[in-house]
Amino acid sequence: MSGLPLLEAAGLSLRFGPVPALEDVSIEVYPGEVVAIVGESGSGKTTLLRVLSGMMRPEAGVVRYRDPEGTVHGVQEMGEAALRRLHRTDWGFVHQNPRDGLRMRVSAGGNIGERLMAVGARHYGNIRAEAAEWLRRVEIEPGRIDGMPALFSGGMQQRLQIARTLVTRPRLVFMDEPTGGLDVSVQARLLDMIRALVADLGLAVLIVTHDIAAARLLAHRLLVMRRGRVVEQGLTDRVLDDPQHEYTQLLVASVLAA
Amino acid sequence: MTALGYNFGYLDENTKRMIRRALLKAVAIPGHQVPFGAREMPLPYGWGTGGIAVTASVIGASDRLKVIDQGADDTTNAVSIRRFFARVAGVETTERTTDATIIQTRHRIPETPLREGQILVYQVPMPEPLFRLEPRVAETKRMHALADYGLMHVKLYEDIARHGHVAISYNYPVLVGGRYLMSPSPIPAFDNPKMDRMPALQLFGAGREKRIYAVPPYTAVRSLDFEDHPFQPVRADAPCALCGSRESYLDEVVVDDRGGRMFVCSDTDYCSTRQSHQEAAE
């Protein structure tokens, strides 16, 4: 968590008609840091993720990205080709529904290899070895390298999506509710795995979730959003143990104790 | 003799001009698909309307036309297209590859190497090499614009993982001039190396899909492959039963109902030329 931020955004605003999706949002993500964005449905979490990752344009504000050489780029000013390259090298995006992030008619190995081939890998043996290695890392039997993702369970599909995203060693990964739609025991395993990978690879992760427990487990810092505004932010434990804003207090109080 | 009531080469001059402009653009950007307004032709889509439109736009009174279908000069498609141009343009036709100035082809490149000044016109059913992999046309255009062809390699990867080799025997995707991914039309992968740095001009017309693309003379055309699984053209392991060639692309012909078969050259002109040379030598 040292040095200069990988990603910084200031004054982001966006409205969908009369509905404010983002209002004057600022955020910074430092290398190796996990930042969670929590809030209820419709609070603008996913919109913020889409704006930060360059998939959507804000009406006001800037998003800046620092490349590995230390040069700062405005994400909104980047060309489509540069943004696409960024998305498959230094960045990654994990969708809530693995079907959005995977090619369902391509084998697990092909799914992992796609990013490698997109950035120019042309040696079949190396691509395959790398794919097998990544399957092992996300706890999928390497023997299923030629299996179709459609035949995988939901948890496996999500882990495959993570492997496919991390194979090019990105420094920043966006995750949109990665544990949504999975049952609790599978969620727990997935969270464990994400936590181990983040620690191993020194990833910076920007994770959107409505699951406070997941946020507490993974995140170093927490932003609480409501109606397009960041109402509270700080270290995860501080925000969750001593919530200042009334909405955060409500959110923390609503978590069911098992 | 020329049929009356038609403009030279069947198409009207404005249409030919439009197609020539598309051709110029296609030659300027090798491998890039240029849209054009395909006209109704006196034969159905899928029978070579794109190729005919291109031929009609480039043919001149002094040209000599050869038309092949699967390498043969004497099949229905080849005979009727050749006769069509003899009637509406009054041009000479030939079956000899070396005598022709324009060769319209479906599914083959002649065995005899082409030379400068010749034009090879391909009939193309589906110009988009990515269409089986990416169903959205807008997305394929974006991929071409960004030279984002990782997906095509994913397909090759899948083939090797499943079959041990790239299981594409025809329409094998190529990269033109190191930039554009291109469908070579359904020619056998065996013919792909002939496209590389060919001295003749190669024009591709897809009538139904309304696209024209081109490979100018001496342009690099590389079949996609992996470093450890290099591209390998496939050929039946037999000599031609008629001319004995071990280099040409062969058709397998079933000769009886007891499993008998023979292999013969698919290029009829190449085969008969070799046979007549052998007879002359005897």
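**Note on salt bridges and the fold of chain A**

1. A network of salt bridges links Glu80(A), Arg84(A), Arg88(A), Glu139(B), Arg142(B) and Asp148(B). The model is a predicted one, and the values below are computed from it. Over all chains the count comes to 38 salt bridges.

2. One pair in this network is Glu80(A) with Arg142(B), whose side chains meet in a salt bridge at 3.1 Å, N to O. The pair crosses between chains: Glu80(A) lies in helix α2 (residues 80-88) of chain A, and Arg142(B) lies in helix α4 (residues 137-145) of chain B. Glu80(A) has a relative accessible area of 47% and is therefore partly exposed. Arg142(B), at 35% relative accessibility, also counts as partly exposed.

3. Within chain B, Lys16(B) and Glu13(B) form a salt bridge, with 3.2 Å between the closest N and O atoms. Both residues belong to helix α1 (residues 13-28) of chain B; because they are three residues apart there, about one helical turn separates them. The relative accessibility of Lys16(B) is 2%, so this residue counts as buried. Its partner Glu13(B) is partly exposed, with a relative accessible area of 42%.

4. A further salt bridge in chain B joins Arg108(B) to Glu111(B), the closest N and O atoms lying 2.7 Å apart. Are these two residues buried or exposed? Both Arg108(B) and Glu111(B) are buried.

5. As to the fold, chain A contains 10 helices and 10 strands. Its radius of gyration is 18 Å, close to the 18 Å given by the globule rule for 258 residues, so chain A is as compact as a globular protein of that length. The C-alpha trace of chain A spans about 55 × 45 × 40 Å along its principal axes.

6. Of the 258 residues in chain A, 51% are buried. When contacts in chain A between residues at least 6 apart in sequence are considered, 67% of them join residues at least 24 apart.

7. Chain A has an accessible surface of about 11400 Å², and carbon and sulfur atoms account for 51% of that surface. Chain A carries 30 positive and 30 negative charges, and the mean positions of the two sets are 6 Å apart.

Methods: Residues are numbered from 1 along each chain as its sequence is written. Chains are lettered from A and ligands numbered from 1 in the order in which they are written. This is a predicted model: local features need pLDDT of at least 70, side-chain atom pairs count only at pLDDT 80 or more; totals for chains, interfaces and linings use all residues. Side-chain values use heavy atoms; hydrogens and water are left out. A salt bridge is a side-chain nitrogen of Lys or Arg within 4 Å of a carboxyl oxygen of Asp or Glu. Helices (H or I, at least four residues) and strands (E, at least two) are DSSP runs, numbered from the N terminus. Buried means under 20% relative accessible area, exposed over 50%, partly exposed in between (1.4 Å probe, protein chains only). The radius of gyration is taken over C-alpha atoms; the globule rule is 2.2 Å times the number of residues to the power 0.38. Contact means heavy atoms within 4.5 Å. Accessible areas come from the Shrake-Rupley method with a 1.4 Å probe; for residues, only the protein chains shown count as cover. Lys and Arg count as positive and Asp and Glu as negative; His and the chain ends are not counted. The place of a charge is taken as NZ of Lys, CZ of Arg, CG of Asp or CD of Glu.
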